[in-house]
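Here is a walk through a structure, told in short steps. Keep the chains in view while reading.

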Amino acid sequence: MSDVGARSSVLSDSLALRFSTREAMKHAVLILGAVVVLLPLYEMVSYSHKAPVEIMQQTGGFLGSQEPFRDDFCIKLGNAVEDCMVNPIVYNYTTAFEKAPLLRYLMNGVIVTVSIFLIQVVVALPCAYALAKLKFWGREAVFGLVLFCLLIPVHAIALPLYIMLAKLGLTNSYAALIIPWTISVFGIFLMRQFFMTVPDDLIDAARMDGMSEYSIVWNVMLPTAIPALMAFGIFSVVAHWNDYFWPRIVITGNRDLFTPPLGLREFKGDADGDNFGPMMATACIIVTPLIVAFLLAQRRFIEGITLSGMK
Amino acid sequence: MSKIVLSGIGKSFGSTQVLRGIDLTVEAGEFVTLVGPSGCGKSTLLRILAGLEAADAGEVTIGDRDVTRMRPADRNLAMVFQSYALYPHLTVAENMMTPLKLRDLGLAGRLPFVGPIFARAEHLRLRKQVHRTAATLKIEALLDRKPGQLSGGQRQRAALGRAMVRNPVAFLMDEPLSNLDAALRVHMRAELSELHRRLQTTFVYVTHDQAEALTMSDQMAVMMNGEILQYGRPAHVYAAPASLEVAKFVGSPAINVLPGEINGTGDLSVMGKTLIPDTRLARQPVSVGVRPEHMTLDPDGPFKGVIRHRENLGSDIFLHAQVDGLDKPVILRSHPRLLAGTGLAEEVTFSALADEVHVFGADGLRQHVAKPSLVEVG
Amino acid sequence: MPGSRAYLWFIGPAIILMVLILLLPIGIAGALSFTDYSLGNTSANFVGTENYERIFTRTTYEKMFGATFRYVFVVVPLTVLLGLGAALLIHSLTRFGDLYKTIYFLPVMAALIAMAIVWEFAFHPTIGIINATLERGCGTWLETWDWYAAGCARTFPLWLTDRDYAIWTVAFIGVWQGFGFNMVLYLAGLTSIPRSLYDAADMDGAQSGWERFRLVTWPMLGPTTVFVVTISFIRSFQVFDTVEAFYPQGGGPSKSVYVMMFAIYEKAIQQNLMGIGAAITVVFLGFVMFLTILQRWLVERRTHYV
């Protein structure tokens with residue numbers, strides 16, 4: 001036996017004071033990190049409230065001093081100076097909506113993300129059910145196909161997809177924005193894992209009750225899969241709301257079809273210093289819905305991300 | 001070897017008080033069991049002894065040292081967990097090396113790849129120790145396997161090996177057999193007892209299974225609601241339970257509890273039939289406990305019942321008899337040969353062995369009966 | 001139900017879509033990579049391996065690989081380590097853990113294009129907050145650091161427009177955006193480690209946090225780490241938003257930020273050179289698929305079942 005007496009020490013963990021130095025240091029590090037993490041978001045909100053001169057010179061505190069400033073563009077149009085004094089917040093946000101059809105872009109965002117999700121569910125759910133619960137010739141092969149397709153990130157094959165769509169004349173359309181995302185092998189995989197935990201007896205009981213297979217999918221499997229579906233839905237909506245690359249490729253001329261990220265980018269395209277405020281306002285508007293939803297439904301969001309890790 | 005003394009141990013989790021003033025002395029080399037239903041605090045007490053939890057009040061002494069504030073590793077105790085807690089990424093041999101390495105090697109010796117080079121002699125010595133322990137437990141063949149490749153019983157031995165290899169002052173075991181199937185459990189009970197006899201180290205064992213406690217321990221502590229209700233030799237706890245709760249917990253099938261009464265002259269009667277005259281106890285209502293094996297079918301017996309249920313275990317038969325005035329059936333033990341004819345719905349008469357009758361007062365505590373020197377009272 | 005053909009309807013759409021949207025394009029990319037096709041041409045001319053030769057010899061593409069690998073091999077280790085560090089810190093806190101988790105996850109939720117624009121402004125050499133803050137430190141003890149003193153004397157780096165700093169600045173933004181995601185994955189992994197393993201480590205004599213980490217935490221996080229690393233690799237290979245937002249033409253100061261996805265975009269979409277775009281796509285796919293297969297194989301080998 002080794003010499004035990006020589007090394008007695010305090011049970012530091014369980015006897016620690018509430019505000020021990022260790023906890024304090026951890027918090028210090030995390031707070032520092034939080035500052036770096038939140039910096040751009042802070043700036044974004046702050047600039048969206050400020051007048052151009054304040055933006056340029058980094059003055060005005062968080063929300064800007066809200067002094068009316070001179071709108072040069074309005075003067076160019078020939079109005080008198082007094083008519084062209086505007087309040088920064090009002091100016092920024094109204095310009096955001098006027099200079100480009102921001103509402104339209106937001107609506108596009110909603111249309112596209114919701115459509116994608118709905119179609120993904122319609123395609124993936126039955127397939128997952130069949131792979132999990134039905135026995136048929138070629139099941140292993142189909143699942144193998146799913147596994148193989150999991151290796152392919154859709155962004156990687158954007159180019160050939162673009163060519164295919166161009167040949168079909170489908171560029172610059174909702175179809176182009178939605179179609180490549182309709183097949184979510186990740187969704188199939190996730191739902192299959194989930195369905196495999198549903199007891200076979202439940203399905204047999206439904207069959208005894210006379211339900212058709214089709215009915216089983218939507219009336220029996222769907223309700224049990226709600227948590228996984230919600231998580232998947234969140235994952236999908238976030239990814240496609242924020243997607244910049246694919247819409248950039250596929251929407252080449254028709255501004256009416258811009259999704260929110262494209263709308264913001266376009267703003268930047270013809271922005272000079274004066275339009276930074278409205279651009280930030282646009283950014284706020286685009287970013288806010290997801291962040292609010294996230295704050296309200298944190299658990300589900302994080303569950304969604306973690307479920308993707310439970311491969 | 002050292003004596004272990006726990007005095008005045010108290011512990012609360014939030015507003016629930018889990019341990020209330022526990023005093024316990026474990027003599028060196030004893031096999032002591034902490035037994036009780038779920039939630040009685042036995043695991044918490046064990047963890048406090050190990051150093052994994054800190055007590056809110058009280059002291060822990062090992063030998064002549066107060067270890068209350070010491071880290072687990074410094075107390076020189078070893079623990080076998082219910083889930084075995086073997087490191088899944090290490091082989092059995094490496095699992096067993098871990099406590100030795102952490103304790104005996106300096107920083108250089110512990111480095112992942114170069115360690116064995118720096119401290120070559122040390123490593124060889126430790127490895128020999130591992131092999132010796134593995135030989136004692138007959139797990140040499142398993143040394144190169146990982147826990148995931150072992151069966152339940154093998155993992156149990158590997159966990160034991162990891163505990164044994166450091167020659168601790170005492171082994172602490174937290175329900176180590178509860179994850180095994182019934183047959184293996186019975187086998188392991190014998191093995192653990194054998195191991196204890198061979199090593200002669202102190203064992204502190206926690207379980208909810210009173211059969212394990214009865215068969216393996218030198219001393220058993222029956223715990224309920226954070227208190228030790230009785231501490232003593234298993235045979236004594238069985239034969240002379242200190243309270244009604246202890247009597248009901250220890251022994252299977254459970255003891256029969258019958259309502260009784262001591263009258264003005266000290267006669268004990270149950271359901272109107274006098275059982276023991278002149279007990280020298282005060283006049284009071286009492287609960288009378290009689291174990292199934294102390295009830296016998298007796299044509300002249302004072303009690304009458306109708307057989308509602310028979311359990312033939314091969315070696316014993318247990319009859320459940322419905323008696324007028326009692327909610328629960330009275331259970332009698334007998335031998336298949338004697339009861340060949342007795343069937344369901346038959347009316348039987350039986351009596352209780354007066355020597356083996358336990359009397360408990362209204363507070364649940366044992367009352368000592370002045371035993372008359374007689375046999376059955378009919 | 002034996003004999004029921006319902007399953008065909010169930011798997012049909014999925015299979016058709018998988019073939020059309022995922023498999024067929026790979027084939028097309030492969031085929032096109034051997035041609036000089038441009039959209040609008042009626043036919044494609046076979047040019048053999050010319051496109052591939054160009055990719056592996058011309059300096060432009062050398063810069064493409066350089067930029068991509070620099071980005072990937074900075075972003076992946078940093079996001080994994082920071083994600084792990086943040087997860088460990090937050091997991092061990094008694095209070096406010098959820099608050100920090102939320103804060104660190106926000107960048108993942110916010111549209112990268114929006115954040116990129118804000119960062120671009122923050123990194124602006126004259127009116128951005130980064131350099132403005134650095135300026136404030138001029139004249140203090142910070143000037144003992146050579147780099148800082150040089151910056152005070154002349155100007156601080158131009159960051160995004162600076163050939164030496166551009167790729168690292170873009171990488172920084174990538175790390176900023178991505179580590180929260182890894183943090184969440186690691187947090188999930190940490191909560192699944194059984195408590196009794198830590199107890200066993202305590203009993204065995206593990207005294208410091210580092211020993212507990214090495215004996216229990218890190219090995220048990222093995223599968224999580226493999227997943228996190230793979231996901232981080234794939235995401236960072238696909239970087240595009242920041243690059244296109246900052247450098248709509250040309251891929252950064254002397255092409256130092258000319259990453260692969262941008263190269264595909266520039267060659268195929270902007271310059272309508274589908275052939276070479278397809279070739280880069282094929283190379284890109286090769287990398288990504290190789291990495292994912294590697295992950296699968298590693299997980300199979302190293303998963304420890306408790």
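Start with a charge and a ring in chain C. The charged end of R235(C) lies over the ring of F181(C), 4.6 Å from the ring's centre. The model is a predicted one. Chain B offers another such arrangement. There, the charged end of R162(B) sits over the ring of Y87(B), at 5.0 Å from its centre.

Now turn to rings that meet rings. A pair of aromatic rings is described by how far apart the centres are and by the angle of the planes. Over all chains, a search of the whole structure gives 40 aromatic pairs. One of them joins F34(C) and Y52(C). Their centres are 5.5 Å apart, their planes stand at 50°, and the pair is tilted. This pair links distant parts of the chain, with its two residues 18 apart. F34(C) belongs to the loop between α1 (6-32) and α2 (50-57) of chain C, while Y52(C) is in helix α2 of chain C.

Are these two residues buried or exposed? F34(C) has a relative accessibility of 30%, so F34(C) counts as partly exposed. Y52(C) has 16%, which is under the 20% cut-off, so Y52(C) counts as buried.

A second pair has another setting. The ring centres of F69(C) and F73(C) lie 6.1 Å apart, and the planes meet at 35°, so this pair is tilted. Both residues sit in helix α3 (residues 59-91) of chain C. They are four residues apart, about one turn of the helix. F69(C) counts as partly exposed because its relative accessibility is 29%. F69(C) and F73(C) also belong to one aromatic cluster. Its other members are F56(C), F65(C), F233(C), F237(C), F284(C) and F287(C).

Next, look at where chains meet. The size of an interface is often given as the accessible area lost when the parts come together. Between chain C and chain B, the buried area is about 2,000 Å². Carbon and sulfur atoms give 59% of that area. Three residues of chain C, M203(C), D204(C) and L215(C), supply 34% of the area that chain C buries against chain B, more than any other three residues. The contact involves 21 residues from chain C and 28 residues from chain B.

Which polar links join chain C and chain B? There are two salt bridges between them. In one salt bridge, the side chains of D199(C) and R47(B) meet at 2.8 Å, N to O. Seven residue pairs are in polar contact across this interface, counting pairs with both residues at pLDDT 80 or more. On the side of chain C that touches chain B, the elements giving two or more residues are α9 (195-204) and α10 (209-220) of chain C. α9(C) gives the most, with nine residues.

Finish with chain A and chain C. Here 92 residues of chain A are in contact with 88 residues of chain C. The area buried between the two chains is about 8,000 Å², and carbon and sulfur atoms give 79% of it. In chain A, L30(A), L151(A) and L159(A) lose the most area to chain C, together 9% of what that side buries. Chain A and chain C have two salt bridges between them. The side chains of E244(C) and R248(A) form a salt bridge at 2.7 Å, N to O. Polar contacts number 12 residue pairs, both residues at pLDDT 80 or more. Helix α2 (residues 21-47) of chain A gives the most to the side of chain A that touches chain C, with 17 residues.

Note on methods
Residues numbered from 1 in each chain as written. Chains lettered and ligands numbered in written order. Predicted model: local features only at pLDDT ≥ 70, side-chain atom pairs only at ≥ 80, totals over all residues. Heavy atoms only, no water. Phe/Tyr/Trp six-rings, centres within 6.5 Å; stacked < 30°, edge-to-face > 60°. Buried < 20%, exposed > 50% of the residue type's maximum accessible area, 1.4 Å probe, protein only. Lys NZ or Arg CZ within 6 Å of the ring centre and 35° of its normal. Contact = heavy atoms within 4.5 Å. Buried area = accessible area lost by both parts, 1.4 Å probe. Salt bridge = Lys/Arg side-chain N within 4 Å of Asp/Glu carboxyl O. Polar contact = N/O pair within 3.5 Å; in protein donor to acceptor, adjacent residues only side chain to side chain.
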